[in-house]
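Subject: Structure handover

Hello,

Please find the structure below, with the sequence. My notes come after it.

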Amino acid sequence: MKRHFMAALMVVAMAGFCGCDGEADETTDTGPDSSVAGTWSGTMKATRFMGQPVAAGDSEVVPFTMSISQSGGDIDVSFQANEYPGFFTGTFSKSDGYIQFSATADYKYQFFGYVGFGNRSITGQWSVNIPGGMGGTWQASR
């Protein structure tokens, strides 16, 4: 029951950025010096909620897809978790693989992490600045 509650809270928290319908570039160049543009599939998990850690067994894994378009170091991200879409802007650094993107609606939603060798995977953390805070981990691959 508690896990379903946490998954519902993640969906509700993420619902603040609903309603955007940006289209992303579907480029899939995957060489080690390529862009991060393309379609990614991943999962996110809550590790803290309202300032408290979430017990490992109490947080469900929420699947998502995202499409990234890139122009130089700037990126636009079209994000879909469950039935809730979102649109983010951010940056990607080819030199160190650091990626970050965010959006602000009712709250600020942030994702940051590192792109793996060959630009085939990303791991990182996410946060939402709800009262007390909410955040967790995420990973994606293509």
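The notes go from the whole chain to its core and then to two single residues.

This is a predicted model. The protein chain has 1 helix and 9 strands, and along the sequence the helix comes before the strands, in the pattern α-β-β-β-β-β-β-β-β-β. Of the 142 residues in the chain, 43% are buried. The accessible surface comes to about 7,100 Å², and carbon and sulfur atoms account for 53% of that surface. If we take contacts between residues at least 6 apart in sequence, 50% of them join residues at least 24 apart.

The largest nonpolar core contains 29 residues. Met-66, Ile-99, Phe-101 and Trp-138 have the most contacts inside this core. Several strands contribute to it with at least two residues each, among them β1 (38-49), β3 (62-71), β8 and β9 (134-141). In soluble globular proteins, nonpolar side chains tend to be buried together.

Trp-138 is worth opening in the viewer. Leaving aside residues up to four places away in sequence, Trp-138 touches a list of residues that includes Thr-43, Met-44, Phe-64, Met-66, Phe-101 and Phe-111. Also on that list are Ile-122, Thr-123, Gly-124, Gln-125 and Trp-126.

The other residue is Val-128, which lies in strand β8 (residues 121-128). Is Val-128 buried or exposed? Val-128 has a relative accessible area of 2%, and buried means under 20%, so Val-128 counts as buried. The C-alpha atom of Val-128 is 4.7 Å from that of Tyr-109, although the two residues are 19 apart along the chain.

Regards

Key. Residues are numbered from 1 along each chain as its sequence is written. This is a predicted model: local features need pLDDT of at least 70, side-chain atom pairs count only at pLDDT 80 or more; totals for chains, interfaces and linings use all residues. Side-chain values use heavy atoms; hydrogens and water are left out. Helices (H or I, at least four residues) and strands (E, at least two) are DSSP runs, numbered from the N terminus. Buried means under 20% relative accessible area, exposed over 50%, partly exposed in between (1.4 Å probe, protein chains only). Contact means heavy atoms within 4.5 Å. Accessible areas come from the Shrake-Rupley method with a 1.4 Å probe; for residues, only the protein chains shown count as cover. A nonpolar core is a set of buried Ala, Val, Leu, Ile, Met, Phe, Trp, Tyr and Cys residues joined through side-chain atoms within 4.5 Å.
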